[in-house]
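Dear colleague,

I am handing over the structure we spoke about, with the sequence and coordinates inserted just below. My notes on what was found follow after that, and I would be glad if you could read them with the model open.

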Amino acid sequence: MIRDSKTVRIIRTALVSVIALVLIYPLVWMVVSSFKPEDLIFKDLSLIPRQLTLENYAIGWLSSGRVTFTTYFYNSILISVLAVIGNILSCSLVAYSFARLEYRGRKLFFSLMLMTMMLPVHATIVPQFAYFHKMGWVDTILPIVIPKFLATDAFFIFLIVQFYRGIPRDLDEAAIVDGCNHYSVFYRILLPLAAPALITTTIFTFMWTWNDFFTQIIYLRTPTSYTATLGLRMFIDRQALSQYGAMFAMSTLSIVPILVLFVTFQRLLIEGVATSGIKG
Amino acid sequence: MKKMDKMAGYVFLIPWLLGFLLLTLIPLAYSFYYSLTNFNLLSDPSFIGFSNYVKMFTRDFHFLNAVRVTFVYVFVSVPLQLLFSLILAFALNKGIPFLSAFRAIYYIPSLLGGSVAIAILWRQVFGMDGILNMLFRALGLTSISNISWIADPRFAVWSLIILRVWQFGSPMIIFLAGIKQIPNELLEAGAIDGATRMKQTTRIILPMMTPIILFNVIMQIVSAFKVFTEAYIISGGNGGVLDSLLFYTLHIYNEGFSKMRMGYASALSWILLLIIALITLLSFKAFSKHVQYH
C-alpha cells in the first residue's frame with residue numbers, strides 16, 4: 001500500500017467531518033427546535049436554544065383533540081410488533097425449506113421469491129384493496145399485518161436463507177442420526193443458531209413498518225385507527241404553518257424508537273447492510 | 001425418511017406459497033384485468049379494452065408530467081447519490097479516526113430518510129422561511145432568499161433529489177464492504193508493477209467492484225421509482241405547483257384511491273412495472289460485459 005502523507009490525512013479527516021456535520025445538522029436542528037417557543041423557530045439557526053419549553057409537545061400530542069397521539073402511537077406499536085412476529089415466524093420457516101430441504105420445484109420457487117423483491121407494491125395494491133374491502137378489513141390493521149404472516153417480505157427470507165447456509169450441515173445430519181425429524185432440527189438447531197439474522201429481521205421489520213406510509217394511508221381511514229405517521233400527516237393536511245413547533249415535536253418523538261434501536265444494535269445493523277444489501 | 005423429506009419441504013413452504021398465490025400472483029393477474037376495465041370498487045368492473053392505456057398517452061397530461069418528474073428525479077438523484085457514496089467509501093477506507101462513528105452518522109439519514117418526520121423537516125428546510133433561506137440571509141444572499149424552493153416549480157424536484165443524495169449512507173456501507181474484500185496482494189502486485197494510486201483505483205478496485213456497483217444501481221433505481229412519502233408530504237398530497245412534485249406513485253395513489261378510478265390506476269401500475277422490469281434488464285445487459293465475478 002502507498003501511504004498517505006500526514007497533510008493528506010488531515011485534510012481527508014477534516015472533509016469527512018464537515019460532511020458529517022452538514023448531514024446531521026438539519027436533524028439536530030429539528031430536535032432542538034421542537035423545544036423552542038414557536039416564534040423563535042423561524043429566526044434561529046443555532047443548535048443551542050435560548051429558551052426551553054415543552055409547550056410544542058403538549059400541543060402536538062393533543063393533535064385534533066378528539067383523537068390524540070396516545071392512540072396513534074399505540075396503533076403504530078401494535079402494528080409494528082405484530083409485523084415483527086409475522087415476519088420472524090413465516091420467514092424463518094420458509095427459509096428453512098429453501099436452505100435445507102430437497103423437493104421438486106424448489107429452484108423455481110426460490111427464483112420466483114427473489115423476483116418478488118423487485119416487484120413494486122403498486123402492481124398488486126388495487127386488487128389487494130378490492131379483496132380486503134370485500135372482506136371488511138379496510139380500516140383495520142389486518143391488511144397490513146396478515147401479509148407478514150404469509151412471508152411476503154422476500155428480503156428477510158433471503159437474509160435468513162443466507163444465514164442458514166453458513167451453518168454447517170453436519171449439525172443437522174448428526175441430529176437426524178440421533179432421531180430428530182426436520183421440525184425439531186429446525187426448532188432446536190437452526191433457529192437458535194440463526195439468532196443474529198432473526199434480530200436483524202426483527203429490527204428492520206419494526207423500523208420499516210413504523211415508517212411505512214403508503215400501505216397505512218391506503219388502509220387506515222379513520223383517526224381512531226391512525227398510526228403515528230398518519231397522525232403527522234394530519235398536520236400537513238391542516239395547512240397550518242403556525243404549527244411547526246408541534247409538528248417538530250411529534251416528528252421528533254416518532255423517530256425516537258428508530259434511533260434507540262439503531263444505537264442499541266448498531267453493529268448488527270451495519271453488518272446486515274454490508275453483507276445483504278438491505279436498505280435502511 | 002425420503003418421503004418425509006419431500007413433504008417437509010412443502011410444509012415449511014406453506015406460508016410463502018399462500019402469500020405468493022393470494023397476495024402476489026392472483027392480484028397481479030387481476031391488476032392486469034382491471035387495467036382493461038372501468039372500475040370504481042362500488043360496481044363491477046366493465047371491460048373497455050385498452051382505453052385506459054390510450055387515455056394515458058393521449059388525454060392525461062398529468063401522466064406525462066408524472067413520467068417527466070419521476071425520470072428527472074431518478075436519473076439525476078441516483079447517479080449523484082452513488083457517486084457520492086463511492087467517493088466517501090474510498091475516503092473512509094483509507095483509514096480515518098473514529099471510523100465506526102462516522103459510518104454510523106452517515107448511515108442515520110438512510111435509516112430515517114423515508115419517514116414522514118423527515119419529509120416534514122424537508123418541507124421546512126426548503127420552505128420560504130426554512131433553514132436554507134435563513135442561511136442565505138445570514139450570508140447576505142438576500143436576492144435568492146425569498147424563494148420557496150418547494151413551491152417554485154423550477155426547483156421543487158431538487159429538494160427531493162437532495163433528500164435522496166442525503167441518504168447515501170446505505171450504498172456507501174455496501175461499497176465499503178466491497179472494497180475491503182479486494183485482496184491486498186492484488187493492490188501490492190499492482191504497486192510493484194508501477195501502478196499509481198489513480199491506476200490502482202481505475203484498473204483494479206473499480207473493475208473488481210462492478211457486481212456491487214450493479215447491485216447498488218439497480219436497488220437504488222428501483223427504490224427511486226417507488227418514492228411516495230416524500231412526494232406526498234412535501235407537496236401536501238396534490239403533486240405541487242404545476243405538477244412539479246407529481247411523482248408517478250403519487251399519480252397512481254390519487255387516481256386509484258382519491259378519485260377511485262381503480263381500473264386506470266391499475267393501468268398506471270402496469271406501466272410502472274414494465275418500466276422497472278425494463279430498466280433492471282438493461283442494467284444487467286449494460287454491466288454484463290464488464291462484470292467480473294470472483
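**What was found**

In chain B, 57% of the 294 residues count as buried. Please keep in mind throughout that this is a predicted model, and that every value in this message is computed from it.

To begin with the overall build of chain B, there are 14 helices and two strands, and the C-alpha atoms fill a box of roughly 80 × 75 × 35 Å when taken along the principal axes. Among the contacts in chain B with a separation of 6 or more, 67% are accounted for by residues that lie 24 or more positions apart. The area that chain B exposes comes to about 12900 Å², and 69% of this is supplied by carbon and sulfur atoms.

Two loops of chain B deserve a look at the backbone. Most residues other than glycine have a negative phi. B:Phe98, however, has a positive phi, near 60 degrees, and is found in the loop between α3 (61-93) and α4 (99-112) of chain B. With a relative accessibility of 67%, B:Phe98 counts as exposed, because it is over the 50% cut-off. The other case is B:Met260, which is not a glycine either and has a positive phi of about 55 degrees; B:Met260 lies in the loop between α13 (248-258) and α14 (262-288) of chain B. Here the relative accessibility is 26%, so B:Met260 counts as partly exposed, being neither under 20% nor over 50%.

Turning to the empty space, a search of the whole structure finds two cavities of 30 Å³ or more, and I describe the second largest, which holds about 50 Å³ of space. Residues from both chains line the second largest cavity: from chain A these are A:Ser76, A:Trp210, A:Asn211, A:Ala228, A:Thr229, A:Leu232, A:Ser254 and A:Ile255, and from chain B they are B:Ser115, B:Val116 and B:Ala117. The elements that each give two or more residues to this lining are α11 (195-211), α13 (228-237) and α14 (244-276) of chain A, together with α5 (116-125) of chain B. The largest share, three residues, comes from α13(A). Sorted by class, the lining of the second largest cavity has six nonpolar and five polar residues, and no charged ones.

Two residues of chain A, in helices α11 and α4, are also worth following. A:Thr209 lies in helix α11 of chain A, and its relative accessible area is 5%, so A:Thr209 is buried. The side chain of A:Thr209 reaches the backbone oxygen of A:Thr205 at 2.6 Å. When its neighbours within four places in sequence are left aside, A:Thr209 is in contact with A:Ile79, A:Ser80, A:Ala83 and A:Gln216.

A:Ser80, one of those contacts, has its place in helix α4 (residues 69-100) of chain A. A:Ser80 counts as buried because its relative accessibility is 1%. Setting aside its neighbours within four places in sequence once more, A:Ser80 is in contact with A:Phe206, A:Thr209 and A:Trp210, and A:Trp210 is in turn one of the residues that line the second largest cavity.

With kind regards

Technical notes: Residues are numbered from 1 along each chain as its sequence is written. Chains are lettered from A and ligands numbered from 1 in the order in which they are written. This is a predicted model: local features need pLDDT of at least 70, side-chain atom pairs count only at pLDDT 80 or more; totals for chains, interfaces and linings use all residues. Side-chain values use heavy atoms; hydrogens and water are left out. On a 1 Å grid over the protein atoms alone, a cavity is a set of points where a 1.4 Å probe fits but cannot get out, and a pocket is an open set with protein on both sides within 12 Å along at least five of seven lines; lining residues have an atom within 4 Å of a point. Grid points are joined across faces, edges and corners, and a volume is the space filled by probe spheres set on the points. Helices (H or I, at least four residues) and strands (E, at least two) are DSSP runs, numbered from the N terminus. Ala, Val, Leu, Ile, Met, Phe, Trp, Tyr, Cys and Pro count as nonpolar, Asp, Glu, Lys and Arg as charged, and the others, Gly among them, as polar. Buried means under 20% relative accessible area, exposed over 50%, partly exposed in between (1.4 Å probe, protein chains only). A polar contact is a pair of N or O atoms within 3.5 Å; within protein, one must be able to donate a hydrogen and the other to accept it, and residues adjacent in sequence count only if both atoms are side-chain atoms. Contact means heavy atoms within 4.5 Å. Accessible areas come from the Shrake-Rupley method with a 1.4 Å probe; for residues, only the protein chains shown count as cover.
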